[in-house]
Amino acid sequence: MKKLVSWITMSAAVTVLTAAIALAADPAPAAKVALGNTDCVKCHAAPPADIAANGAAHKSSVSCQDCHAGHRPMVKNNIPQCGQCHTGKPHYNLSACLRCHNNPHTPKIIKLATNITDECLTCHTQQIVKLKQVKSKHTSLACSFCHNVHGKIPQCTQCHKPHSADMTAAECKRCHQAHMPTAVTYASDTPNKMCASCHKKAFELHSKTETKHKAVACVTCHKEKHKMVPTCQSCHGSPHPAGMLARFQKCGDCHNTAHDLNRWDASVLKGADKGEPVTPPKKGKKK
Ligand code: HEC
Ligand code: HEC
Ligand code: HEC
Ligand code: HEC
Ligand code: HEC
Ligand code: HEC
Ligand code: HEC
Ligand code: HEC
Ligand code: HEC
Ligand code: HEC
Ligand code: HEC
Ligand code: HEC
């Protein structure tokens with residue numbers, strides 16, 4: 001800022017100096033009057049109007065002549081470089097500032113092309129880390145392909161269909177993060193029906209079971225991370241004598257699957273309803 005102030009002071013001095021030289025060189029000095037900021041509007045309509053409407057700091061912190069020192073024909077080029085005043089941040093080392101800040105008289109109105117990534121990283125450093133950490137098809141998209149207006153957050157459903165008709169755009173976040181969409185995780189209150197959109201069979205078996213697993217949510221067993229499969233022992237420890245488990249090594253040999261546990265009352269034992277003899281598995285506990 002100090003640099004800026006001294007530059008402005010200097011440019012003002014130069015203006016005065018230029019005027020003085022002009023006066024000295026002119027044989028009829030009374031005809032020359034230094035150009036002031038209020039004069040510009042007499043010949044230039046748009047810049048003063050733009051600045052008045054959306055000048056932001058270019059309205060409040062600098063004047064026309066701070067940027068435009070001198071005027072044709074006396075001064076051939078009075079168009080400033082942004083870098084005259086903006087220095088000291090990586091962002092100010094970019095090239096062609098006017099690509100995004102299209103109009104210097106409305107500096108906060110920014111237009112973004114749809115292929116911008118590197119420039120965003122001069123200010124935002126976190127998102128690219130995630131995009132690279134878990135590579136997905138989003139990694140190869142440009143930041144501004146999704147954020148085509150600065151600061152705007154797009155909805156996932158702008159580009160993707162939900163997994164089921166009753167799933168809302170706000171719910172995508174429950175399982176996905178925008179910058180690492182394939183690392184699917186979910187909280188412990190995620191309802192079973194959200195899994196059902198892709199796992200119909202598991203959902204149907206589980207909703208029909210008459211065992212106590214019916215009350216256990218999908219995500220209580222398949223905890224936090226997609227594709228996590230628990231062992232039965234992680235919840236039940238070793239419920240039977242070791243000798244028995246040495247003979248029947250898989251819990252499923254007797255219990256079928258977690259979604260569809262066998263029930264031990266005779267009526268639902270396999271074969272019972274067909275009138276076949278029932279041979280319940282040997283067990284280490286009372287019935
Ligand atoms: C009497 C009319 C008049 C006034 C007052 C005037 N200008 Fe201009 N300005 C012109 C004309 C005419 C041109 C085009 C000159 C040319 O193309 O050679 C011009 C060109 C410019 C340009 C473009 C220069 C370029 O290289 O393309 C800028 C910037 C500018 N004026 C800024 C200002 C500012 C700032 C003020 C007030 C301090 C101002 N003008 C006051 C008539 C004026
Ligand atoms: C922060 C610096 C800055 C300020 C303040 C500023 N301008 Fe400019 N102005 C520029 C730049 C940079 C350009 C060149 C834009 C380009 O190359 O497209 C420009 C271009 C112009 C032009 C020529 C192109 C055009 O748009 O007609 C005129 C005239 C002009 N300014 C007038 C003014 C007037 C009048 C004011 C005050 C009301 C003013 N400017 C304030 C930076 C500034
Ligand atoms: C004569 C000095 C000067 C020039 C030249 C200049 N600026 Fe600025 N600009 C300032 C000052 C002073 C501020 C307010 C303090 C700050 O943000 O550094 C500012 C602020 C801004 C802001 C933030 C606006 C706000 O209200 O927050 C943007 C964006 C900006 N400038 C872009 C540019 C671009 C792009 C150029 C070149 C086309 C440019 N400036 C040229 C002096 C200048
Ligand atoms: C790829 C687009 C892009 C380019 C190129 C670009 N900017 Fe920016 N600039 C932005 C965005 C986006 C912001 C953030 C605006 C906000 O905070 O609302 C910004 C903010 C600013 C700000 C105000 C905030 C700050 O951190 O100072 C200034 C000043 C600025 N730019 C100056 C420049 C200058 C000078 C250049 C050229 C060296 C430039 N910009 C090039 C997009 C761009
Ligand atoms: C000059 C610095 C600067 C540049 C360059 C910049 N931003 Fe920003 N961005 C900001 C600031 C400052 C904010 C507002 C502060 C905040 O909400 O975190 C912001 C906000 C955002 C937000 C909204 C954040 C939220 O939590 O709502 C998004 C999205 C965003 N920027 C994306 C981008 C993208 C994409 C680019 C490149 C096209 C970019 N930004 C370039 C400074 C910048
Ligand atoms: C502006 C469009 C856009 C937005 C917004 C968007 N995506 Fe994508 N997404 C894409 C494109 C393009 C692909 C690649 C499609 C392809 O190649 O088949 C993709 C791919 C994906 C993939 C598959 C990734 C892979 O590597 O297989 C997932 C998952 C995904 N998106 C989830 C999301 C989620 C969740 C959101 C919201 C947080 C979201 N997307 C927002 C455009 C978008
Ligand atoms: C596939 C579309 C897509 C791409 C590509 C993308 N984003 Fe995002 N971004 C989003 C969505 C959607 C959100 C909202 C996330 C949320 O609400 O949890 C977001 C959020 C943000 C935010 C707000 C803070 C945060 O991290 O949640 C910033 C800043 C941001 N993105 C910057 C970037 C930058 C920088 C890039 C490029 C390196 C980028 N984004 C690439 C879709 C995208
Ligand atoms: C209950 C968790 C969950 C929710 C909520 C969720 N997703 Fe997914 N999504 C997944 C899983 C799991 C995958 C598959 C990952 C795999 O194939 O390994 C996936 C895959 C995707 C894919 C990649 C292509 C495909 O269909 O396989 C896209 C795109 C996607 N989701 C978008 C969305 C959108 C948009 C929303 C919000 C409307 C959303 N997701 C909500 C869990 C979820
Ligand atoms: C967008 C579709 C989608 C959603 C939503 C979804 N999944 Fe999956 N899931 C898949 C796909 C695809 C596979 C891989 C199937 C394969 O490899 O045969 C899979 C595999 C699995 C596996 C098996 C892993 C293995 O090693 O066999 C489990 C467990 C699983 N999902 C649980 C869940 C749970 C719990 C939910 C709800 C929180 C859920 N899924 C939501 C698509 C989805
Ligand atoms: C995330 C923990 C968890 C996992 C993993 C788990 N269970 Fe369960 N299981 C439970 C809970 C909770 C109950 C109900 C306990 C109660 O209410 O007494 C239960 C009950 C049972 C019952 C009694 C059913 C009834 O209706 O009386 C059997 C048998 C059983 N589990 C077998 C298994 C088998 C076999 C596996 C592996 C395929 C397994 N469990 C995996 C938590 C789990
Ligand atoms: C009591 C714990 C438990 C519950 C509740 C549970 N699962 Fe599973 N799930 C398992 C176990 C353990 C396996 C491994 C196969 C086995 O031994 O049954 C499994 C396997 C799977 C598989 C792999 C393929 C298959 O179908 O066998 C998918 C997909 C799956 N579960 C999805 C779900 C969904 C969706 C829900 C909710 C509707 C759910 N699970 C409820 C424990 C559970
Ligand atoms: C040889 C067949 C067989 C095998 C193998 C087997 N079980 Fe069982 N299990 C049974 C029978 C029969 C019962 C019913 C006992 C009852 O009704 O009290 C039972 C009951 C249970 C119960 C319910 C206990 C209660 O107090 O209600 C759980 C939990 C259980 N088994 C878990 C497992 C796990 C975990 C494994 C694998 C490590 C396993 N079982 C292996 C036959 C078996």
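Over residues 1-29 of this predicted model, pLDDT stays under 50, and the model has 19 contacts beyond four places in sequence for that stretch. A second such segment covers residues 266-287, where pLDDT again stays under 50; for these residues the model has 21 contacts beyond four places in sequence. Where pLDDT is low, the predicted coordinates should not be read in detail. For the chain as a whole, the average pLDDT is 86, and a score of at least 70 is reached by 81% of the residues.

The secondary structure consists of twelve helices and two strands. In sequence order, the helices precede the strands, as the pattern α-α-α-α-α-α-α-α-α-α-α-α-β-β shows. Among contacts in the chain with a separation of 6 or more, 61% join residues that lie 24 or more positions apart. Of the 287 residues of the chain, 7% count as buried.

Attention may now turn to the surroundings of ligand 2. Its shell comprises 16 residues, the closest being Cys 40, Pro 47, Cys 64, Cys 67 and Pro 104. Which helices each supply at least two residues of this shell? They are helix H2, spanning 46-54, and helix H4, spanning 64-67. The largest share, four residues, comes from H2. In terms of residue class, the shell around ligand 2 contains twelve nonpolar and four polar residues, with no charged residues.

How values were computed: Residues are numbered from 1 along each chain as its sequence is written. Chains are lettered from A and ligands numbered from 1 in the order in which they are written. This is a predicted model: local features need pLDDT of at least 70, side-chain atom pairs count only at pLDDT 80 or more; totals for chains, interfaces and linings use all residues. pLDDT is the predictor's confidence in each residue, from 0 to 100. Two residues are in contact if their C-beta atoms, placed from the backbone, lie within 7 Å. A residue is buried if 20 or more other C-beta atoms lie within 10 Å of its own, exposed if 12 or fewer, and partly exposed in between; C-beta atoms are placed from the backbone. A residue is near a molecule or strand if its C-beta atom, placed from the backbone, lies within 6 Å of it. Ala, Val, Leu, Ile, Met, Phe, Trp, Tyr, Cys and Pro count as nonpolar, Asp, Glu, Lys and Arg as charged, and the others, Gly among them, as polar.
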